[in-house]
Amino acid sequence: MQQKVFEELFENYLQNNLSKVDEKKLMEYIQQGIHDDYIKEKIQLLLNDNQNIELLDKQKGDDILQFILSHSEAKVVSINKRRNSRKIVRAALAIAATITLFFAFKNVFINNKTAIPLITKETSIEEVNPILAYHGKQLIHLPDGSTILLNENSSIEYNQNSFDDKTREVTLSGEAYFNIHRNEKKPFIVHTGKVQTKVLGTAFNINAYNNSNKIEVTVTRGKVQVGDLEKVYGIITPNQQIKVNTATLGYEQKNVNAEIAVAWKSKYLILDNINMEEAIALISQKYKVPITLSNDKIKNCRITASFLNDEDLDHILKVICSVIETEYHYTANGAVTLSGNGCE
């Protein structure tokens, strides 16, 4: 009986016909992991028909994945050995078989960046909400190539219809680190209450939790302008910060150590579509352990993965090795070696 209920919920989810309550119920079923066979079969059907791949758009894939990640020890993992569709299929099925089917969802739908939301006779005449919202710890890729790393208990949203027209505007609640792709013709603006942070292309951190009476903008690269609709508070550069009192809009500008302001990021390990040579450099730096590859072809393997809960080294190595079909072992001096066939 539960299987039937799950299938109905899943199909309705694809058709945008689920209430919030039913959507939560669906996510809880997925989390149980007892419907893997059905989902696996669904993945296979989607992969067999490229048009149907787009039935589940990126937002849905991200929503499912985000729910799973927030309730599981498993973290974001998607692997791109190569970018052709056959490899995507193989990677998706491999992931589904070795770790969890949901990684395959992420892999499939992230790699299909031109995903088109399902259009049916019913939905084609409905007004689609243009606001995209993200909640909780995650790395967000914006359409202009910028990225936002969202801290816990934080959210961000933007209008997907108007974003990147004349300006690029998002609204933040909580804390996030922005790495903004430079575009001098289209300023990037972050709204946090009455305070606006405006840049052309740079990297900076904003701390604007609702339970605080202050907003802190700290720059790690480039220049950032902070102000409101009536005036500019100041323009700050790396290792400078503007702190705004949200009640009075009084502000102060000072020099700071930006590394302290972004220290929260140190618990994250973000491998954002990089090759394994770059990946092991980041892992080695974070865990202060030398890591070598026994086969140069392993360097060709690409990986997109986010570990957001300060996982230990073994957890990360097990996940990565299971997906790219390698093994790891510790040497006598405590270093790590990855061995396997690698990627062409």
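A residue counts as buried when its relative accessible area is under 20%. In this predicted model, Glu 216 has a relative accessibility of 16%, so Glu 216 is classed as buried. The residue belongs to strand E10, which covers residues 214-221. Beyond its neighbours within four places in sequence, Glu 216 touches two runs of residues: Asn 205, Ile 206 and Asn 207, and also Gln 241, Ile 242 and Lys 243.

The chain as a whole gives the setting. Its secondary structure consists of ten helices and 19 strands. Of its 344 residues, 47% are buried. The exposed area is about 17800 Å², and carbon and sulfur atoms account for 48% of that area. When contacts between residues at least 6 apart in sequence are considered, 54% of them link residues at least 24 apart.

Ile 206, one of the contacts of Glu 216, also appears in the largest nonpolar core. That core contains 30 residues, and the members with the most contacts inside it are Ile 156, Phe 178, Phe 188, Phe 204, Ile 206 and Val 226. Strand E6, residues 168-179, contributes the most to this core, with four residues. Phe 188 can be followed outward from here. Leaving aside neighbours within four places in sequence, the contacts of Phe 188 include Phe 178, Leu 142, Phe 163, Val 170, Ile 180 and Val 199, and also Asp 144, Arg 168, Thr 197 and Lys 198. A separate core of 26 residues lies apart from the largest one, and among its members are Ile 298, Ile 303, Ile 316 and Ile 324.

Ile 316 and Ile 324 also take part in a helix pairing. Helix H9 (residues 276-287) and helix H10 (residues 313-324) have axes that come within 11 Å and cross at roughly 170°. Angles over 145 degrees count as roughly antiparallel, and H9 is therefore roughly antiparallel to H10. On the H9 side the contact is formed by Met 276, Ile 283 and Tyr 287; on the H10 side it is formed by Leu 313, Ile 316, Ile 320 and Ile 324. By type, the residues of this contact are seven nonpolar, no polar and no charged.

The last stop is helix H1, residues 2-14, which holds Phe 6. The relative accessible area of Phe 6 is 0%, so this residue is buried. Outside its neighbours within four places in sequence, Phe 6 is in contact with Leu 26, Tyr 29, Ile 30, His 35, Tyr 38 and Ile 39. Leu 26 is 20 residues away from Phe 6 in sequence, with a C-alpha to C-alpha separation of 6.6 Å.

Terms used: Residues are numbered from 1 along each chain as its sequence is written. This is a predicted model: local features need pLDDT of at least 70, side-chain atom pairs count only at pLDDT 80 or more; totals for chains, interfaces and linings use all residues. Side-chain values use heavy atoms; hydrogens and water are left out. Helices (H or I, at least four residues) and strands (E, at least two) are DSSP runs, numbered from the N terminus. Buried means under 20% relative accessible area, exposed over 50%, partly exposed in between (1.4 Å probe, protein chains only). Contact means heavy atoms within 4.5 Å. A nonpolar core is a set of buried Ala, Val, Leu, Ile, Met, Phe, Trp, Tyr and Cys residues joined through side-chain atoms within 4.5 Å. Axes are lines fitted to C-alpha atoms, for helices over the stretch in contact, and angles run from 0 to 180 degrees between N-to-C directions. Angles under 35 degrees count as roughly parallel, over 145 as roughly antiparallel, 65 to 115 as roughly perpendicular and the rest as oblique. Ala, Val, Leu, Ile, Met, Phe, Trp, Tyr, Cys and Pro count as nonpolar, Asp, Glu, Lys and Arg as charged, and the others, Gly among them, as polar. Accessible areas come from the Shrake-Rupley method with a 1.4 Å probe; for residues, only the protein chains shown count as cover.
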